[in-house]
Amino acid sequence: MDLSLYFTSADLAGITPEIILTITALLVLTLDMTRITRPGLYLLVAIIGLITAGYVIVQSGGGERSLFGGMLLLNKFTLFLDILYLSVGLATLVFSQGYLEKRGGETQGEYPALILFAVIGMMLMTRANDLVMVFLGLELLSLSLYVLVGFLHHSLLSNEAGLKYLLLGAFSTGFFLFGATLIYGTTGSTNFNNIASAISLGAILSNGYLSLGIGLLLIGFAFKVALVPFHMWSPDVYQGAPTTVTAFLCTAPKAAGFGALLKVLIIAFPEVYSQWQNIFWILAALTMSVGNISALMQSNVKRMLAFSSISHAGYLVLGVLVLDSVGLSAVLFYLVIYSVMNLGSFAIIAAVEKEESGLGLEDYRGLATRHPWLAAAMTLFMISMAGFPPTAGFIAKYGLFSAAVANGYIWLVVIAVINTLVSVYYYIRLIVNMYMEEEGKALYPVSTMPARMLIGILAIFVIIFGVAPSYLLEMAAEAGNMANFLFSTH
Amino acid sequence: MESSILTLLIFVPVAGAVLMLPFAMLYGKENAHYYKWIAAITTGIQLVLAGILYLNFDPALSVTESPFTVQLEWIKHFNIQYFLGVDGLSIPMVLLTALLSFICIISSWKIDKQPLGYFSLFLLLDAGMMGVFLSLDFFLFYIFWEVMLLPMYFLIGIWGGPQRMYAAIKFFLYTLFGSVFMLLALLALYYYSDPHTFSLITLIHTVGSIDATIWGLSVKYLIWMSLFIGFAIKVPIVPFHTWLPLAHVEAPTAISVILAGVLLKMGTYGLLRISYPLLPGEVVNFAYILAVLGVINIIWGATNAIAQIDMKKMVAYSSVSHMGYVLLGMAAAISDSPAGAQAGMNGALMQMFNHGTITAMLFLLVGMLYDRAHHRWIVFPNDYEKPELAGQQGFGGLGAKVPVYTAFVAFAFFAGLGLPALSGFISEAMCFIGGFSVFRTLTIIGTLGILLNAIYFLRAYQRIFLGPLNETYKDLTDISHRELFTLIPLAVLILFLGVYPAPLLDMISPAMDGIIKIVQSVI
């Protein structure tokens, strides 16, 4: 059989990172079978795999490349996101060491392997230039996450979360798939570029099935990134999942969801997109407001941050709404900062929590006196999430709001700004509990040395990207140029 | 040196705060000694730098010509500059901030609860205040404005009185509410101006040509209103003032001093720095309302102060009243008599400076009494925790017991009620002169404030210091050397500027003339 009919060596070179990660994941699973019961080893191997893959990606330089006959499309945009997924995966693995044992589980080979598979899935999602590829990536990601969420098989909450995520995730996948089918039926292709050229011929622009297809596709995405009203699954899942998995779940997959959504909109539907702007306007306003108002009423820290992450997704929709290169780079910048803040705060939560407890706001009372550095880092993350200067959260929010104002969405920005004001209240409440309330039950945070160091690094990032964000902004701008380039080709 | 002095003014305190971290790791967090010395030295350096700035300051030069101006690219992506400069409008505020910060560190010498946190937050607050007064880029201004907020919140919320948490969150939410409007104004100014810029100097020339409308309201009007809400909360203009008495009463002494001495001025400073030059047309339309609000502040603050039996709350309300003079003076910028406009505007800025020194002295003195007596009731309230004292006078006859302290209180009270030959008199009189040239009736009503101010200050003085000595306080100690050290510079300034205000006036008047010219050009 002549394989060169199906793919070339250039195609294989393009997916080297995925291949490396797959081999690493398999290696970890093999190590597990050899009954070497040293959890640290699995994590180490997985981390080495992630770093190697990252190195290969950076070396590739992010030039525009189409692989496998247009199935994958690599460019600066995908490079930016790939690095983000790999970094989030790496941070999650570092934080996970020791956490699962604390919660009564045990680190087995499948935990790091699943994280690696999830990373591969996310990379395929945003590298894809074809609806089938997006679906493949999405499924690989989701299947890994279903298991990870229910990983603590002793914990009822974790089991419930896993099942809930599985059911609703499957449901949303159905929407996605049905939408893709309808789009294929009307345009005759699943390839993004072919879809766009079919639409630009004009005859099917007003086709009801096409609109239905796009609508269903969007619902699928909205489920994945938890936009209101498709967010119901996320608080329960975030709360029930092991905290390190929650940290992973609320950062990288959300980035992947937004990344794939942006790519689909920009490449496949540049002409249809203008008809959908009102929908995104409403989604943004609803997601921000419902997320924030619900977060106000939470007393469980994990649940509060779950709702807060819903509201952050709402801010991100501002960038989707704008969909020019400025908006795109604002979204990318925001995703990085959002990941840094959430990873950091969930890592601290993971250190503080104990078996089935230690998650209430009142459990944080007196943390400042016993663990001043952890409390200070948590304060930084909260301040940044609330969008206060001089932290990175402010610059990130400003980028999105400014892009939206530049495109005339003034009232939406007013809503967003009011939402920011509301959100300050619940972020501050955690700080108040750490610093101002009487000391409560004794808490003895447990964390490993690498985890503490990583928390410190993330906290420093929050400051550095707030005071000197130019470098990262520049990278995000380069990655965001995809919008310019592709819009001009149509 | 000249171009780095402004940067140093802002970042020397930050460096001090960062320097505390290695000390915390080596010597523990509770070792107050190191932290207060670091704080004293850094604010001392800042004060010296401010002094150098003052000596080399040339009022005749505009911001763009001044050798101190720094203009660098900061975040290129968003067109944000690191643009600092000093002119006649900002230099009195810079001097005031440096002086009060230093004095407040000295007066906080006895803080022993979490000293690391207290002094490092104080230094960050100091940096934020300095940054606000020196920024000439609106974005930078906004960043420093927000940077002040969190340290202040913690300083009230952790080191304050019994109701500190409520007071802190109220202060915080009010101010944040205001800054949200400011953020919207910032975005609007940027996108409606052509070319897009945050530079407050360039914006002066470009804002005038904006003629867009949103929902039938002109964008300029909306920007003015957003800015006004943001600044009015800070001043505070009645009815946005309810956070102030609470925050003052609960805050520790030094923080009350900063709050009343510097933070309140930021509201009026913002109006003069941003709203006035950028939106002169709106100033002209709004001046009458501004004067009305000013007079309401004067009367409302003073009558409320009369009703207070808590000394600190009385002083807090007196601040509300005194800030009213500033508003009245500022409104006079539209006066058709040049002398009236000048008197009003210069009076307003001088009142900002003078009230800063006077109110600082008042709060320091109240704090000193509170440190010794552990209460500050002029008259005990009816629901006081010790029922046998309810309704009784809190003090009495202290004059014979602590004569030096009494002399300082008398001095500060007289300065507060505007006695001639003390600085408050000059600036208040100038505000009234300016106001009278435009708003006759209003100003006449406003002058009632002088009388009302006299009522509460004199009555409080009489109840606390005159009459027979309250036996509870027969062991009261007089003022210490450290406390004297904090009071004397302020007293000297108040007396000097009361007798000879020319140095301050000469320094500020060219800048104020510039603003008057901009406002007058659209009438």
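Here is a walk through the predicted model above, from its confidence scores to a few backbone oddities.

Let's start with how far to trust the picture. The predictor gives the complex an ipTM of 0.90 and a pTM of 0.93. For chain B, the mean pLDDT comes out at 92, and 100% of its residues reach 70 or more. That matters for reading a model like this, because predicted coordinates should not be read in detail where pLDDT is low.

Now look at where the two chains meet. On the chain B side, 35 residues are in contact with 39 residues of chain A. Together, chain B and chain A bury about 3,300 Å², and 82% of that area is on carbon and sulfur atoms. If you want a place to zoom in, try His77(B), Phe78(B) and Tyr191(B): they supply 16% of the area that chain B buries against chain A, more than any other three residues. How many salt bridges does the rule find across the interface of chain B and chain A? The count there is zero.

Salt bridges do turn up in the model, though, with nine counted over all chains. One to look at is inside chain A, where the side chains of Lys76(A) and Glu478(A) pair up at 3.6 Å, N to O. Lys76(A) sits in helix H4 (residues 76–96) of chain A and Glu478(A) in helix H22 (residues 470–480) of chain A, so this pair ties together parts that are 402 residues apart in sequence.

Back in chain B, find helix H5 (residues 138–159) and helix H6 (residues 164–192). Their axes are 9 Å apart, and the two helices pack at an angle of about 175°. An angle over 145° counts as roughly antiparallel, so that is the label for H5(B) and H6(B). The residues of their contact break down into 22 nonpolar, three polar and two charged.

Follow chain B past H6 and you come to a backbone detail. The peptide bond from Asp194(B) to Pro195(B) is cis, with omega near 0°. Pro195(B) is in the loop between H6 and helix H7 (200–206) of chain B.

Chain A has a cis peptide bond too, joining Val228(A) and Pro229(A), with omega at about 5°. Here Pro229(A) is found in the loop between helix H10 (208–224) and helix H11 (233–240) of chain A.

One last stop is Phe68(A), in the loop between strand E1 (65–67) and strand E2 (72–74) of chain A. This residue has a positive phi of about 50°, although Phe68(A) is not a glycine.

Notes
Residues numbered from 1 in each chain as written. Chains lettered and ligands numbered in written order. Predicted model: local features only at pLDDT ≥ 70, side-chain atom pairs only at ≥ 80, totals over all residues. Heavy atoms only, no water. pLDDT = per-residue confidence, 0-100. Axes fitted to C-alpha atoms, helices over the stretch in contact; angles between N-to-C directions. Helix = DSSP H or I, 4+ residues; strand = E, 2+ residues; numbered from the N terminus. Parallel < 35°, antiparallel > 145°, perpendicular 65-115°, else oblique. Nonpolar A, V, L, I, M, F, W, Y, C, P; charged D, E, K, R; others polar. Contact = heavy atoms within 4.5 Å. Buried area = accessible area lost by both parts, 1.4 Å probe. Salt bridge = Lys/Arg side-chain N within 4 Å of Asp/Glu carboxyl O.
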